[in-house]
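Hi,

Here is the structure I promised to pass on. Have a look at it first, and then read my notes below.

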Amino acid sequence: MPIKLGQLLLREKLVTAEQLEEALKSQAIFGGRLGSFLVEAGALREEQLAALLGRKYQVPFARSGHFSRLSPETIKSVPRETAEKYLVLPVKKEGRRLWLAMVDPGDLQAIEEIGFRIGCAIRPVVAAETVLIKNLQRYYGTERVGNYLLMDMPKPDVPETVVAAPE
């Protein structure tokens with residue numbers, strides 16, 4: 001059974017038990033990723049999180065600087081919709097190989113689906129969610145609120161005019 005991120009963080013002494021507990025409470029209330037709550041709270045740096053995730057998944061990790069000058073050709077290799085859906089960002093392309101920064105490089109189904117859609121062999125690289133979201137906005141123009149992507153949501157069936165309920 002794989003070790004959980006919280007256990008790894010405590011074992012590596014990257015956060016305190018109190019910081020982890022607070023982040024777990026926030027995660028339970030708001031959903032989302034534990035590491036992102038710890039980064040937002042200032043308990044953990046993005047690069048510390050990415051390095052730890054890299055060790056956990058046994059893949060390279062991307063620092064914030066890796067995203068400073070991605071080529072337009074590399075960005076175009078993954079359509080915006082795919083990048084947003086899977087929270088991924090192409091980092092480097094060589095022929096039919098694509099290094100893809102992602103939050104969860106253990107998601108083999110996503111790796112297969114993306115590789116099939118774009119016709120490339122995917123080499124996963126892990127990155128902190130906060131870094132990926134910032135760079136999705138930078139390179140694709142993805143809108144965001146806090147750390148949550150604004151996705152096209154189906155509109156509910158609401159009449160054009162709403163009549164106030166009687167008092």
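A definition to begin with: by a nonpolar core I mean a set of buried Ala, Val, Leu, Ile, Met, Phe, Trp, Tyr and Cys residues joined through side-chain atoms within 4.5 Å. Buried stands for under 20% relative accessible area, exposed for over 50%, and partly exposed for anything in between (1.4 Å probe, protein chains only).

Before the findings, some housekeeping. The model is predicted, so local features need pLDDT of at least 70 and side-chain atom pairs count only at pLDDT 80 or more, while totals for chains, interfaces and linings use all residues. Residues are numbered from 1 along each chain as its sequence is written, and side-chain values use heavy atoms, with hydrogens and water left out.

**The overall picture**

The chain has eight helices and five strands; I took both from DSSP runs numbered from the N terminus (helices are H or I with at least four residues, strands are E with at least two). Along the sequence they come in the order α-α-α-α-α-α-β-β-α-β-α-β-β. Of the 167 residues in the chain, 40% are buried. If you take the contacts (heavy atoms within 4.5 Å) with a separation of 6 or more, 57% of them are between residues 24 or more positions apart.

**The core and α8**

Which residues touch the most other members of the largest nonpolar core? They are L38, F67, V78, V88, L89 and L132, in a core of 47 residues. Helix α8 gives this core its largest share, five residues.

That helix runs over residues 129-140, and its 12 residues reach 16 Å from first C-alpha to last. This is close to the 16 Å expected at 1.5 Å a residue, where the expected span is 1.5 Å times one less than the number of residues. Its buried residues are E129, T130, V131, L132, I133, N135, L136 and Y140. Right after α8 comes G141, with a positive phi near 75°.

V88 is worth clicking on too. Leaving aside neighbours within four places in sequence, V88 is in contact with V78, T82, A83, L100, A101, M102, I114 and L136.

**The strands**

I count two strands as paired if DSSP finds at least two bridges between them. β1 and β2 (residues 97-102) are antiparallel, with six bridges. They form a hairpin with two residues between them, and G95 in the turn has a positive phi of about 60°. On to β3 (residues 121-126): β2 pairs with β3 in the parallel sense, over six bridges. L98 is a handy residue for following this, as L98 is the bridge partner of K93 and is also partnered by I122 in β3.

V91 sits in β1 (residues 88-94). Its C-alpha is 7.8 Å from that of I75, and the two are 16 residues apart in sequence. Beyond four places in sequence, V91 is in contact with H66, F67, L70, T74, W99 and A101.

S77 lies in the loop between α5 (72-76) and α6, and is buried at 13% relative accessible area. A polar atom of the S77 side chain is 2.4 Å from the backbone oxygen of T74. Not counting residues up to four places away in sequence, S77 touches P90, K93, L98 and I118.

**Salt bridges**

How many salt bridges turn up in a search of the whole structure? There are six, taking a salt bridge as a side-chain nitrogen of Lys or Arg within 4 Å of a carboxyl oxygen of Asp or Glu. Here are three of them.

- R55 and E12 have their closest N and O atoms 3.3 Å apart. R55 is in α4 (residues 46-57) and E12 in the loop between α1 (5-11) and α2 (17-30), so the pair ties together parts 43 residues apart in sequence. R55 is partly exposed at 47% relative accessibility, and E12 is partly exposed at 37%.
- E46 and K134 come to 2.9 Å between their closest N and O atoms. This pair links α4 with α8, 88 residues apart. E46 is buried at 16%, whereas K134 is partly exposed at 42%.
- R80 and E84 have a closest N and O distance of 2.7 Å. They are four residues apart in α6 (residues 80-86), which means about one helical turn separates them. R80 is partly exposed at 34%, and E84 is buried at 12%.

Cheers

Methods: Polar contact = N/O pair within 3.5 Å; in protein donor to acceptor, adjacent residues only side chain to side chain.
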